[in-house]
Amino acid sequence: MPHAPIASDRLRARDNGPWGREKLQFLDAFGPPALRATSRKLERWHIDLFAGPGMNVERGTGDEFRGSPIRVLHMTADGRRDIHFTHAVFVNADRRDHAALRERVDRSYAAGGCAIAQEHVRVMRADANEALPSIMAAVHPDAYAFVFADLEAPRQWPWQSVRELRTRGHRSVDLYMLFPLDMAIVRLCAYNRARREKYANILSEFFGTDDWRQFADARLTDTRSSRLRQELTDLYIAQLKTIWKHAGVVKDVYRTGRHALYRMLFASDDPGAQRIASWARRQGGREQQLDQQFGLEL
C-alpha cells in the first residue's frame with residue numbers, strides 16, 4: 001500500500017488520482033436538490049461508511065480536494081441555507097484516517113460555516129459492517145438517509161450489510177456506492193479455477209449469491225471480458241432491485257482514457273430521487289435553481 005500523503009494542513013490525506021473527483025461530482029450534484037426535496041423530513045442523515053481522512057491529494061499534481069465528509073458538513077439546498085443534513089455519521093476502520101478526519105471536522109467547526117449542528121455529527125472509528133446496525137437503529141424510520149459506501153474491495157461490503165440498510169423499516173434510504181469492478185472484482189474472477197476458488201467466498205458474500213460463478217466460468221478469453229463486466233454489473237443491480245425499486249449505474253470511472261476502474265451505483269425507492277440522480281449523472285458539477293426542475297418529494 002502506498003504511503004499516504006500529508007496535505008497542506010499537515011494532516012494525513014488520501015492518495016488519489018483525478019478519478020477521485022468524479023465520484024464526488026455526483027454527490028455535489030445530487031445532494032442539494034435531494035435536500036430540497038426532503039425539506040419536510042424532520043431528520044436528514046448522511047451516513048459515510050468508508051469516510052477516509054477528509055482530504056485527497058492528487059498524485060502527480062499535488063492538487064488537493066476535499067473528501068465527502070467535509071463537503072457534506074457545508075452542503076445545503078440551493079438557495080436555502082436553512083435546509084441541510086441534520087445528522088452525519090463518518091466511519092473509518094483505520095485509526096490514522098479516523099484521527100485525521102476527527103481533527104478536520106473539529107477545525108471546520110472552529111472556522112465556521114458548517115451547516116450541521118456539531119452535536120449531531122458522529123466521527124466513529126469502527127468496522128462499518130459491525131457499526132451499521134447501531135447506526136441505522138439511531139435513524140428514525142421516517143427520516144431521510146443518504147448512505148455513501150465508498151469501498152475499495154468486495155470484502156469490505158458484504159451483501160448482508162446492504163440488506164441491513166432496509167431491515168429496520170426505514171422508508172427513505174438512498175444508497176450511493178462504489179462497485180469495484182475492474183479494480184477488484186474482475187481480477188478475483190480469475191481464469192484459473194483454483195485461484196478463483198480462493199476468493200469465491202468473498203465474491204459470494206459480496207453479491208449475496210453464487211450466480212457470479214456462471215459468468216466467471218464462461219470467461220475463457222479476453223474477448224469475453226467486456227461481457228463479463230456487464231453481466232457482473234447486471235447481477236449486482238438485480239440484487240439491489242430486490243431491496244429498492246430503482247437501481248442502476250450513475251457513473252463509469254476511468255483511470256486514463258478507456259482504462260476502467262469502477263462504477264458508481266445508485267439505489268432508491270423514490271421516483272423523485274431517481275429523476276434527480278439521472279440529472280446528476282449528466283453533470284460535471286453543481287448548478288443553481290435545481291428545485292425548479294424536480295417537482296416530486298422523496
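In strand β3 of this predicted model, Met-55 and Val-57 point one way while Asn-56 and Glu-58 point the other way, and all of these residues are buried. The general pattern behind this is that the side chains of a regular strand alternate between the two faces of the sheet. Strand β3, which covers residues 55-58, pairs with β4 in the antiparallel sense over three bridges. Along that pairing, the bridge partner of Met-55 in β4 is Arg-66, and the partner of Val-57 is Glu-64. The connection between the two strands is a hairpin with five residues between β3 and β4, and Gly-60 in its turn has a positive phi of about 95°.

On its other pairing, β3 runs parallel to β1, to which it is joined by three bridges, and here Asn-16 stands opposite Glu-58 of β3. Taken together, these strands make an open sheet of three strands in the order β1-β3-β4, with mixed pairing. The edge strands are β1, residues 14-16, and β4, residues 64-66, each of which pairs on one side only. If direction is ignored, neighbouring strands of this sheet are turned by 35° against each other on average. Helix α1, residues 19-37, lies across β1, β3 and β4, and its direction makes an angle of about 25° with that of β4.

The elements of this region return in the description of the internal space of the model. The count of cavities of 30 Å³ or more comes to one, and about 100 Å³ of space lies in the largest cavity. The lining of this cavity is made up of 18 residues, of which Arg-14, Asn-56, Gly-67, Ser-68 and Asp-150 are the closest to its centre. Two or more lining residues come from each of β1, α1, β3 and α2, the last of these being residues 68-74. Among the contributing elements, α1 gives the most to the lining, with three residues.

A second sheet is built from seven strands, and this open sheet has the order β8-β7-β2-β9-β10-β12-β11 with mixed pairing. Its edge strands, each pairing on one side only, are β8, residues 121-125, and β11, residues 246-254. Neighbouring strands of this sheet are turned by 15° against each other on average, again with direction ignored. Within the sheet, strand β2, residues 44-48, and strand β7, residues 87-92, run parallel and are joined by four bridges, with Trp-45 standing opposite His-87 of β7. Helix α10 lies across β10, β11 and β12, running at about 20° to β12.

One residue of β12 can be followed in closer detail. Ala-267 lies in this strand, which spans residues 260-268, and because its relative accessibility is 0%, Ala-267 counts as buried. Leaving aside neighbours within four places in sequence, Ala-267 is in contact with Val-173, Asp-174, Leu-175, Leu-240, Trp-244, His-246 and Ala-247. The C-alpha atom of Ala-267 is separated by 21 Å from that of Arg-71, a residue 196 places away along the chain.

The last element to consider is helix α8, residues 200-207, in which Ala-200, Leu-203, Ser-204, Phe-206 and Phe-207 are buried. Seen down the axis of α8, these buried residues fall within an arc of 160°, so they line one face of the helix. The face turned away from the buried side of α8 carries the exposed residues Asn-201 and Glu-205. What covers the buried residues of α8 includes several helices and a strand, namely α5 (159-164), β10 (173-179), α6 (181-188), α7 (193-198), α9 (212-217) and α10 (225-240). Strand β10 also belongs to the seven-stranded sheet, and α10 is the helix that lies across β10, β11 and β12. Just after α8, Gly-208 takes a positive phi of about 75°.

Definitions and conventions:
Residues are numbered from 1 along each chain as its sequence is written. This is a predicted model: local features need pLDDT of at least 70, side-chain atom pairs count only at pLDDT 80 or more; totals for chains, interfaces and linings use all residues. Side-chain values use heavy atoms; hydrogens and water are left out. Buried means under 20% relative accessible area, exposed over 50%, partly exposed in between (1.4 Å probe, protein chains only). The arc is that of the directions from the helix axis to the C-beta atoms. Contact means heavy atoms within 4.5 Å. Two strands pair if DSSP finds at least two bridges between them. Axes are lines fitted to C-alpha atoms, for helices over the stretch in contact, and angles run from 0 to 180 degrees between N-to-C directions. On a 1 Å grid over the protein atoms alone, a cavity is a set of points where a 1.4 Å probe fits but cannot get out, and a pocket is an open set with protein on both sides within 12 Å along at least five of seven lines; lining residues have an atom within 4 Å of a point. Grid points are joined across faces, edges and corners, and a volume is the space filled by probe spheres set on the points.
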